[in-house]
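Student: I would like to go through this model with you. Where should we begin?

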There are 2 protein chains.
Amino acid sequence: MSQAETKIKIIRAAEELFAVNGFHHTSLRSITAKAGVNLAAVNYHFGSKEALLEAVFDQHLLPLNEIRAGRMRGVAGQAAKNRRKPQLEEVLRSFIEPTLALMLRDAETGHFRMLVGRSLTDPDETVRRLFLDKVNAVLQQLFQLLCLALPQSSPASVAWKTHFAMGAMGHILCLQGPAAFFGAVEEDKSVDEIMEMLINFIVRGMEA
Amino acid sequence: MSQAETKIKIIRAAEELFAVNGFHHTSLRSITAKAGVNLAAVNYHFGSKEALLEAVFDQHLLPLNEIRAGRMRGVAGQAAKNRRKPQLEEVLRSFIEPTLALMLRDAETGHFRMLVGRSLTDPDETVRRLFLDKVNAVLQQLFQLLCLALPQSSPASVAWKTHFAMGAMGHILCLQGPAAFFGAVEEDKSVDEIMEMLINFIVRGMEA
DNA sequence: AGGTGTTTAAAACAACTGTTTGAAAGAGGC
DNA sequence: GCCTCTTTCAAACAGTTGTTTTAAACACCT
């Protein structure tokens, strides 16, 4: 088995187990068993359990950050060229659409969705820091753009509204399988419908 | 030392450590060390670590649930008496105000705030279930009331909007200390200002 | 083929976990 | 005083964790 194969098998297994059981609740033994590799392979290929988590993050987050940053630059550029402020909905779409497209649309990354949702508020400081460092730059970019889109709001207000928005988005990423929290009523919505509802919810909320 | 004293000292120490480090990252040894009691005291007085977590939840959640349920019944009763639908903002206030009043106002329970915020999406199924079982009834009550307040929305839509709202509220409960995420701009807001912003955000979002 | 560097394998390591034990100390009634 | 019940204590238990170690297997080049 080639080096790349083993690493990929480990990452795949780790992604699922980290997402479902959490980082700390997942043992290297369960990862390597699921991946069909030897226990020592993780430390050989990645160095440590924590470095493995970082590899899982990077695999999806690095490309996603590229896309989000690109779209946000596009929105900012268009606004600057036309000498007007960026549209609130445009700004939010440039961040949310790529995020949820990756997280919700693709069945393959369904597990990664939960991992991201929980990493925002993981009880473990290590996990939180690792994740936040990966997305900090793009979050700052989003905040700057929102300040331009909402010139009548103070930066402090925009900051809190951004927190509300992140909370709303992050929470639905955490939901397990068919989310039957309030009866079974949530199920009869498509992913796109949910995303449109979320964007609408946040736009109206931020305009307030 | 009386039995009650020891139990209270353990609960206090556990509340803080569970909130800051998470349930699984907190060892019984660190709890008993902080509380100044013997290691075996937890299992003697509570039976298990999990039962201790439940005791921490109950101490704050049982009274809080009473208050929330009472206020929501009040709103529902007034609406029924006047033969009109309940006001959306009234409904949300009856749930959010008691919650945030307990969580944010009281410095003593600042730790419990984080514990609640994280329990909603804790990676550990045990913690999540334990918490959700404690708040499930009042969440269902909230959902029913929101359906009445938003008759033009389908139950499925209301369910998702409720998820968004819970996410926004839960997320700000998780924030650590002075939340300096986007510069240091979040700090110059009082707790009441934040709560009003949050209610406003959710009301507008749900009306959409 | 032979040698070289990389990858796997099983076992052991040291540290930590929640829980249990059995004896010691304490409290309260008579 | 003594007796009984409750509470504390230090020690040990059994299990799991991430990480190392040492040797074997493999792949690849000359």
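**The surface near the DNA**

Tutor: This is a predicted model. Sorted by class, the surface near DNA strand C has 6 nonpolar, 8 polar and 3 charged residues.

Student: Which residues are the closest to DNA strand C?

Tutor: In total, 17 residues surround DNA strand C. Both protein chains appear among the closest: A:Thr6, A:His45, B:Leu28, B:Arg29 and B:Lys49.

Student: Which element gives the largest share of the surface near DNA strand C?

Tutor: Start with the contacts to phosphate oxygens. A polar backbone atom of B:Leu28 is 2.9 Å from one. The elements giving two or more residues to this surface are helix H2 (28-35) and helix H3 (40-45) of chain B, with helix H1 (3-21) and helix H3 (40-45) of chain A. The largest share, 3 residues, comes from H3(A).

Student: How far is the side chain of B:Ser27 from a phosphate oxygen of DNA strand C?

Tutor: Take B:Thr26 beforehand: a backbone N or O atom there lies 3.3 Å from a phosphate oxygen of the strand. For B:Ser27, an N or O atom in the side chain is the partner, and the distance is 3.4 Å.

Student: Is B:Thr32 buried or exposed?

Tutor: B:Thr32 sits in helix H2 of chain B. Beyond four places away in sequence, B:Thr32 touches B:Val37, B:Asn38, B:Leu39 and B:Val42. Its relative accessible area is 3%, and the cut-off is under 20%, so B:Thr32 is buried.

Student: Which backbone oxygen lies 3.2 Å from a polar atom of the B:Thr32 side chain?

Tutor: The side chain of B:Thr32 supplies the polar atom. At 3.2 Å lies the backbone oxygen of B:Arg29.

Notes:
Residues numbered from 1 in each chain as written. Chains lettered and ligands numbered in written order. Predicted model: local features only at pLDDT ≥ 70, side-chain atom pairs only at ≥ 80, totals over all residues. Heavy atoms only, no water. Near = heavy atom within 4 Å. Polar contact = N/O pair within 3.5 Å; in protein donor to acceptor, adjacent residues only side chain to side chain. Helix = DSSP H or I, 4+ residues; strand = E, 2+ residues; numbered from the N terminus. Nonpolar A, V, L, I, M, F, W, Y, C, P; charged D, E, K, R; others polar. Buried < 20%, exposed > 50% of the residue type's maximum accessible area, 1.4 Å probe, protein only. Contact = heavy atoms within 4.5 Å.
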